[in-house]
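Here is a structure to look at, followed by questions on how its parts are described. Each answer sets a value against the rule behind the word.

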Amino acid sequence: MRVRAVWALWSAVLTAAWMLAVWIEQSQGLGGGDIQLVWLLRRDVLLLSGVWSVGMMSLAMWLSLRQPWMERPLGGMDQVYRLHKWLGISATVAAVLHWGAKEAGGWIKAGWGTAGRPPRDAMLSWLADGRGLAKDMGEWAFYALLVLVVVTLWQRLLPYKPWRWVHRVMPVLYLALVWHSLVLLPQTYWQQPVGWLMGALMALGSVAALCSLLGRIGRARRYAAEVHAVQLLGDKPGQDPLEVLCALPAQWPGHRAGQFVFASWDAREGAHPFTVASAPGACGYTPDGRPLLRLVIKPLGDYTAQLHRSLKPGMAMQIEGPYGCFDGQVGHATQAPTQVWVAGGVGITPFMAWLEARQPDAVATAGQLPAYLHYCTRDAAHDALLPRVQALCAEASPPVSLTVHDAAQGQRLHPEDLERHGAALDIWVCGPQGLGNALQQGADAMRAQGGRWRLHREAFEMR
């Protein structure tokens, strides 16, 4: 909901800036007959779509910096990336509309002629010589942006590694669009709030683009680490989860149970996000005093499927983080006294960290409540993580009641299954998108009936 609210608010700000510019033009007496109105409508659409495209992409570029202060307002870095994704899609849709409005000039000319066409707007004089180049750069950047967004949405079109390199072109395209907008935005708009807003956004977005191109994103939160131990959880390499113990330097700031990190073992491959599957201090320390944390990696792609062969104890690695607000903290415990955790597949990993934080030897954490854990697994008989989850639940304090939904036995979780826990629930969900969507619909239906189901979802998709 926060992502939707921020997107809607930002859309309103950009639209209000456009409306103010149109009102200023009208107050100055700009107008005319029917033919002129067609041309003015085209110009208004050009301005609105341009403001939306630049405004949406500028905020998307700024969010890509992964700054810690962005997390709490949006509910975690996963939600920051979710907003980043939808801003990029919105910017592309606006760019398509902008291109269509530009091309409409030829159609209007063919249908109505040039009678009543407003004169060409004056540009900033010191940029006038760059008009032709700016138009060409904008058009080619638009085509490239369209392709990149299609590739991003169609995730299976490219594996992660080539997708990552393709996505790194985005800052270059953004800078090309900034040049296009800087040159072609009429001079009159630079003297109005819409121009001031666009100038500020392009400046901030350009800073973010340069930081991305220089590799500075996340640098302040990167730590040189080492693979301490590797264990295959099961007997099927490349299919069963892999447990990796990571030895971190003394300056590691620590993490909260449920957070995630970006881990990298190969600079060419880049960093991948993984949930920390251990509570703070639960894995102990190396003999030389370095803190240990656990990653549980499910082979979901070409790279993670071969990690069991490439990772060895003593191998150097890099960890960036921690990130995320999926920590089970309840803001209003008296309003939702019952916690329900729902995990699907590898989505059990943050809850394993939560369970470790409830063990007898764990550091006490304030605000913990009894909870019900629903674990959805494809095949409980061959689930390598289930025995550990059962053992952790058995010793958890406050207690955690475990219910296993075994798909192999036809035991699938439905929103109605949670109604037995009450009408006031604090529900935390980590798993496939379909599972989260179904529970979101259930929560909406319960609220419509007067219930209070508060849903927290881990949107663990970074592209």
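Q: Which residues in helix 1 meet residues in helix 9?
A: In this predicted model, W10, V13, L14, A17, L20, A21 and I24 in helix 1 meet P193, V194, L197, M198 and L201 in helix 9. Helix 1 covers residues 2-27 and helix 9 covers residues 193-213.

Q: What makes the contact of helix 1 with helix 9 nonpolar, polar or charged?
A: Its residues divide into twelve nonpolar, no polar and no charged. Trp, Val, Leu, Ala, Ile, Pro and Met are among the types that count as nonpolar.

Q: Why are helix 1 and helix 9 called oblique to each other?
A: They pack at an angle of about 140 degrees, with their axes 8 Å apart. An angle has to be over 145 degrees to count as roughly antiparallel, and 65 to 115 counts as roughly perpendicular. The angle of about 140 degrees fits neither range, so helix 1 and helix 9 are oblique.

Q: Why are helix 12 and helix 13 called roughly parallel?
A: Helix 12 (residues 349-356) and helix 13 (residues 386-395) pack at an angle of about 30 degrees, and their axes are 9 Å apart. Angles under 35 degrees count as roughly parallel, and the two helices are therefore given that name. The crossing of helix 12 past helix 13 is left-handed.

Q: Which residues make the contact of helix 12 with helix 13?
A: M352, L355 and E356 in helix 12 meet R388, V389, L392 and C393 in helix 13. By class, this contact has five nonpolar, no polar and two charged residues. Glu and Arg are among the types that count as charged.

Q: What makes W341 and F351 a stacked aromatic pair?
A: By the rule for ring pairs, the count comes to 13 aromatic pairs. For W341 and F351, the centres are 5.7 Å apart and the planes differ by 15 degrees. Ring centres within 6.5 Å make a pair, and planes under 30 degrees apart count as stacked, so the W341 and F351 values meet both cut-offs. W341 lies in strand 7 (residues 338-344) and F351 in helix 12, ten residues apart.

Q: What makes strand 4 and strand 5 edge strands?
A: The open sheet has six strands in the order 4-3-6-1-2-5, with antiparallel pairing. Strand 4 (272-275) and strand 5 (292-297) each pair on one side only.

Q: How do you know that strand 2 and strand 5 pair?
A: Six bridges join strand 2 (residues 242-247) to strand 5, and the two run antiparallel. Pairing needs at least two bridges, so these strands qualify. The bridge partner of L245 is R294 in strand 5.

Methods
Residues are numbered from 1 along each chain as its sequence is written. This is a predicted model: local features need pLDDT of at least 70, side-chain atom pairs count only at pLDDT 80 or more; totals for chains, interfaces and linings use all residues. Side-chain values use heavy atoms; hydrogens and water are left out. Helices (H or I, at least four residues) and strands (E, at least two) are DSSP runs, numbered from the N terminus. Axes are lines fitted to C-alpha atoms, for helices over the stretch in contact, and angles run from 0 to 180 degrees between N-to-C directions. A crossing is left-handed if the near helix is turned anticlockwise from the far one by less than a right angle, and right-handed if clockwise. Contact means heavy atoms within 4.5 Å. Rings of Phe, Tyr and Trp (its six-membered ring) pair if their centres lie within 6.5 Å; planes under 30 degrees apart count as stacked, over 60 as edge-to-face and the rest as tilted.
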